[in-house]
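User: I'm new to this one, so could you pick a single spot and take me through it closely? A bit of background on the whole chain would help too.

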Amino acid sequence: MADDEAMRAFFPLSFGKKSKSQLQPASSVHSATRRTFVGPAAPSTSSTAAASASTKGGAGASLPSLSFSKSWLSGLRNPKPTRGLSEEEDEDGGMGGPPRPPPEEEGEEDDVMVGPPRPPSKREEEEEEEEEEAAMIGPPPPPPKRKEEEEEEVVMIGPPRPPRQEEAEEDGEGMIGPPRQPPQKSDMTDSDLEDDSDAEFEGLLDDSFQVPLSNEIVLKGHSKVVSALAIDQSGSRVLSGSYDYTVRMYDFQGMNSKLQSFRQLEPFEGHQVRSLSWSPTADRFLCVTGSAQAKIYDRDGLTLGEFIKGDMYIRDLKNTKGHISGLTGGEWNPKAKDTILTSSEDGSLRIWDVSDFKGQKQVVKPKLARPARTPVTSCAWDFEGKRIVGGIGDGSIQIWNLKPGWGSRPDIHVEKAHSDDITGLKFSIDGQILLSRSMDSTLKVWDLRQMRSPVKLFEDLPNHYPQTNAAFSPDEQLIFTGTSIEKDGASGGLLCFFSRRKLELESKVGISPSLSVVRCAWHPKLNQVFATVGDKKEGGTHILYDPAISRRGAIVCVARAPRKKSIDDFEAQPLIHNPHALPLFRDQPSRKRQREKVLKDPLKSHKPELPVTGPGFGGRVGTTKGSLLTQYLLKQGGLIKETWMEEDPREAILKYADAAAKDPKFIAPAYAETQPEPVFAKSDSDEEEK
């Protein structure tokens, strides 16, 4: 025991304690992740003011935003619309809900009242009740009943009545979806009304999709723009792909507040990640890069297979087994777990079977005005998996219906739908609306029943990335897309929300002041908005959520603090007092002089022989009048005389003629009988003497 205490004296007091899951208080956690408004003035407390300011884009607000205030939520919690009350009664009892319409003429005071009567209560009592409800944890208890109500109370047989629809939601302020039906007449008591109002408030948070914008976290890790995003159906895992050639995998259930990915992949070295898509069962995902081969991974990031590459020397693309150029997009069939769709720069779309990586099921060649290889820049499935759409490089949109015997001829062909490359296509769930996002800074809404011209054109939406998409809200009442930053612009990267019913801009939400927004998504189960941003130097994924209306996802990991270090995590680093005593740490001696000595030795340095120059003697070619020292000395002493420079070559040969005739050795014996006797001409000098 004493040894343990002595050992503990060398460690901090925090070491050795049991490590517990550190759950931070929700208030402190969400206050740290709350979004801040960038602008000269603070935002107003009303959501209407924030929405209008963000929609109009007031001067000085570089990053407009939208949030739902506490007063708006409290107005939804106690809606009690009434009509026909006097001003005195209105002052005594605070109104919960939207303002009443102005009272009509005096003769109409006795008309039938719309909605249940409001219980007589004072403003102070209601404020106290609101404070108690705000501090209360759990569902509110039922209010005490009066004697008259207890006497008139009748036991209800059957399931409870559904919550009533109230007039407070007719304005549609902060609500996404069509307006609710007008209230119906009812004989319910006041206590039932209060219970139903609380139940309706809880149901409102469960059934509707409000824009979650109050809090924000960022998933970092990429060194360039994040160009691909995929969230599985349960909302537990997120995939992000980037121009830095990597894919990062995030798990909300196993991630703490440090927001670090649990795995990093590099699908294809030197190729950008352009698209990611989960299978319908979320057990596999598709990864599309700038190479010609798409890859399939399992849920944990292990490679399951790679599709084959086609033969680039075959001109007809239908005869190749795969793509021959870089891929531009890909998506998993939302209904079939073994079918995927890919598009490529080689000018074709291909449908693949995941169980067979050696060849595609179908090759789709788009219709072109001229026979050429025009790239297909984007592709998508419809919600039922029975239609595909492709954005062609010539600006056209082509749609094919998957039916027996179908071919490459498109069922719908819209020429010159955009003036630049189409970066994103999205079908609505009902199959009536198609969204198209392009690099010509526009977003177009198409009616699939009438595709001659777009229903609506939204302009001034800068787009500089070929992966920028457009998406629907979960109830499809909002359309939203991201924008890229411009050199001279001051707005930054924005998320622009448009109303599908009104076809007009609802709000602009600032995501980053210096980074472009590329991919965006709104998960229906989490009720959280995802937006990827980045540039040439950094990239990340922003997640917008609201603790009041969002579920799981970012809320789970933000509240989980990192694990504190224990004594088991401590590693004692040994101290080496004399490191140079060990051969491992000893500096190597300098071998410069030794190398210079070796270079001077012709044998050790393997120095090649110098080229041969000059005459030699005795069969040897020497460089200094002889290749040997003895030859040099003899020459210098006069013992060896070189007379070949002064001697006549003819005379030098003929002086051996007599010896060759007497003792033939080489050529003469072979021609002894047949060789005629040589006759040599006499010297000219002798004739001149005679």
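Analyst: UniProt positions are given in the numbering used here, with shortened feature names, and annotations may be inferred rather than shown by experiment. This is a predicted model, where local features need pLDDT of at least 70 and side-chain atom pairs pLDDT 80 or more, while totals for chains, interfaces and linings use all residues. Residues count from 1 along each chain as its sequence is written, and side-chain values use heavy atoms, without hydrogens or water.

First, the backdrop. The protein chain has 14 helices and 28 strands (DSSP runs numbered from the N terminus: H or I, at least four residues, for helices; E, at least two, for strands). Of its 690 residues, 40% are buried (under 20% relative accessible area, 1.4 Å probe, protein chains only). An unreviewed UniProt entry puts "repeat: WD" on residues 219-253, 320-362, 369-403 and 415-456. Residues 219-253 are 60% strand and 0% helix, with end C-alpha atoms 15 Å apart. For residues 369-403, those figures are 49% strand, 0% helix and 25 Å.

Now for our spot, Lys 295, which sits in strand E8, residues 295-298. Lys 295 is buried but has no salt bridge (a side-chain nitrogen of Lys or Arg within 4 Å of a carboxyl oxygen of Asp or Glu). Glu 306, the nearest side chain of opposite charge (Lys and Arg count as positive, Asp and Glu as negative; His and chain ends are not counted), is 4.5 Å away. What does the side chain of Lys 295 reach at 2.6 Å? That's the backbone oxygen of Pro 267. Setting aside neighbours within four places in sequence, Lys 295 has contacts (heavy atoms within 4.5 Å) with Pro 267, Phe 285, Leu 286, Cys 287, Gly 305 and Glu 306.

Methods. Buried means under 20% relative accessible area, exposed over 50%, partly exposed in between (1.4 Å probe, protein chains only). A polar contact is a pair of N or O atoms within 3.5 Å; within protein, one must be able to donate a hydrogen and the other to accept it, and residues adjacent in sequence count only if both atoms are side-chain atoms.
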